Amino acid sequence: MERGNRLFSRSTFTSVIRLVPVAVALAATIYTISCGSPGLGMGASGSGANSSATPTPGNGALAFVSNFTAGNVASFTRNTTTGVLKRTATTAAGKKAGPRGLAVSPGATAAFLYVANKADGNIYEYAVNQNSGVLTPLSPASISNGTNSGPDEIAINPAGTFMFVTGFDAGTVTSYSINTSTGQLTKVTAKVTGLKNPLGIVVDSTGSFVFVADNSAGLVYSYKIGTGGALSQIGSIFDLNGVGGSPEFIALDPGGKFIYVTDLNAGLVAVLAVNSGALSFGQLVPSGTGPQMPIGIAVAVVNTVANFVFTANQGTSTMWSFQLLSPGFPAIPVEFALSGELNQPAGVAVDPQNAFLYTTNQGAGTVSQFSLAPACFASPGAPCFVRTVATGSGSTGGPFEIILAN
């Protein structure tokens, strides 16, 4: 299932993302709508993390966006009060039609950033300027994930000592040890093989388990992390409780007892229970299939309101907001976003303050910002659209993933 500059198709697992050109002026314009004004969009969130990376370290004063088509990474500073993103640089990240997954080293200071390039098979390594977010390649600047492996998504354990990368094209999950002083990666000898097209990946909050979505197999795998970073399989489960699924990305429930998995072609979210790393089927939400094509997913705590699951729906250029009635039990979703607020959204991130949501727009070369102020949820029940900001990749640069740091 190739992805990048073509729209995801619901009819086949091998379809791709097609970016629809939009006016260059759209990508360069900042749209601002207050929470109380007419024409509100509704937004979404995710516990200070994107759907396949580690929780945001620090206060989220920096942001990074992978631009798939343009072959670079955009750096931003972020005003932690207003949420405004200001682009400070774009940095080459290997071959064009390649940069996808992002991960940042955990801790009080996000010293290092890692980028998976699906096109050239490399993981790119950078030192992060703590004030501007400007990236400086390490030496060496990259490490090979394996010829034709198609590295896609990245996750780092909470201790910052191990990194795990899905090899979409080779059916692998590769483990790396991280030198916490220099940021350099060293490949762990043992790696997971025999999967079809692994995509989304997360590490649980205890640093004990890894969960992987195998897109073409319709399976979600669970693994135990060994002392040297090697993964041993615990088990696997069909995300749709039967064959035919196409799981994308995974979000962790804050309580650690459930994970939430988007299924692209079914247009659903699967709820899976977790018990000592082992997975069991919970339920599917909403109850019927649809054209939404959810990709990015995240969980957030909206102050004084409730916990929510949010998804980026590429098929309809909308988002879903699921209120969690209790852990593992999402309510019927509210679908939101007005025309111009989203354009083929993919990646999702929320700041550590749970005040703002950000989502990348593959069809517009932008990032959309939403407010999570409780007043926004009073009516109609989801975040308020605030503005968009260009990633500097052009109107069809294919911004895919976003992560906050520092």
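P140 sits within strand β7, which covers residues 135-144. In this predicted model, the peptide bond that links S139 to P140 is cis, with omega at about 0°. A second cis bond leads from V285 to P286, and here omega is near -10°. P286, for its part, is found in a loop, the one running between β19 (278-285) and β20 (294-302).

A look at the chain as a whole gives these details their setting. The protein chain holds two helices and 29 strands. Of its 406 residues, 61% are buried. Among contacts with a separation of 6 or more, 54% are made by residues 24 or more positions apart. The accessible surface of the chain comes to about 13,300 Å², and carbon and sulfur atoms contribute 55% of that area.

Strand β17 offers a good place to follow the strands in detail. This strand spans residues 258-263 and is mostly covered, with six of its six residues buried. The side chains of F258, Y260 and T262 point one way from β17, while I259, V261 and D263 point the other way, and all of these residues are buried. On one hand, β17 pairs with β16 (residues 247-252) in the antiparallel sense, over four bridges. Within this pairing, A251 has Y260 of β17 as its bridge partner. The hairpin formed by β16 and β17 has five residues between the strands, and G256 in this hairpin adopts a positive phi near 80°.

On the other hand, β17 is joined to β18 (residues 268-275) by six bridges, and these two strands also run antiparallel. Here T262 is found opposite V269 of β18. Four residues lie between the strands of the β17 and β18 hairpin, where G267 takes a positive phi near 70°. Y260 and T262, which point one way from β17, thus appear in two pairings: Y260 as the partner of A251, and T262 opposite V269.

Positive phi values also turn up in residues other than glycine. S276 has a phi near 55° and is not a glycine; its place is in the loop between β18 and β19. With a relative accessible area of 60%, S276 is exposed. A337, likewise not a glycine, has a positive phi of about 110°. This alanine lies in the loop that connects β24 (334-336) and β25 (345-350). At 18% relative accessibility, A337 counts as buried, the cut-off for that class being under 20%.

Elsewhere in the chain, four strands make up an open sheet in the order β3-β2-β1-β29, with antiparallel pairing. The edges are taken by β3 (85-92) and β29 (399-405); each has a single partner strand, so one side of each is left without a neighbour in the sheet. Neighbouring strands of this sheet are turned against each other by 20° on average, with direction ignored. Strands in a sheet pair through backbone hydrogen bonds, in either a parallel or an antiparallel sense. Within the four-stranded sheet, β1 (residues 62-67) and β2 (residues 72-78) run antiparallel and are joined by six bridges. In this pairing, F64 stands opposite S75 of β2.

How values were computed
Residues are numbered from 1 along each chain as its sequence is written. Side-chain values use heavy atoms; hydrogens and water are left out. Buried means under 20% relative accessible area, exposed over 50%, partly exposed in between (1.4 Å probe, protein chains only). Two strands pair if DSSP finds at least two bridges between them. Axes are lines fitted to C-alpha atoms, for helices over the stretch in contact, and angles run from 0 to 180 degrees between N-to-C directions. Contact means heavy atoms within 4.5 Å. Accessible areas come from the Shrake-Rupley method with a 1.4 Å probe; for residues, only the protein chains shown count as cover.
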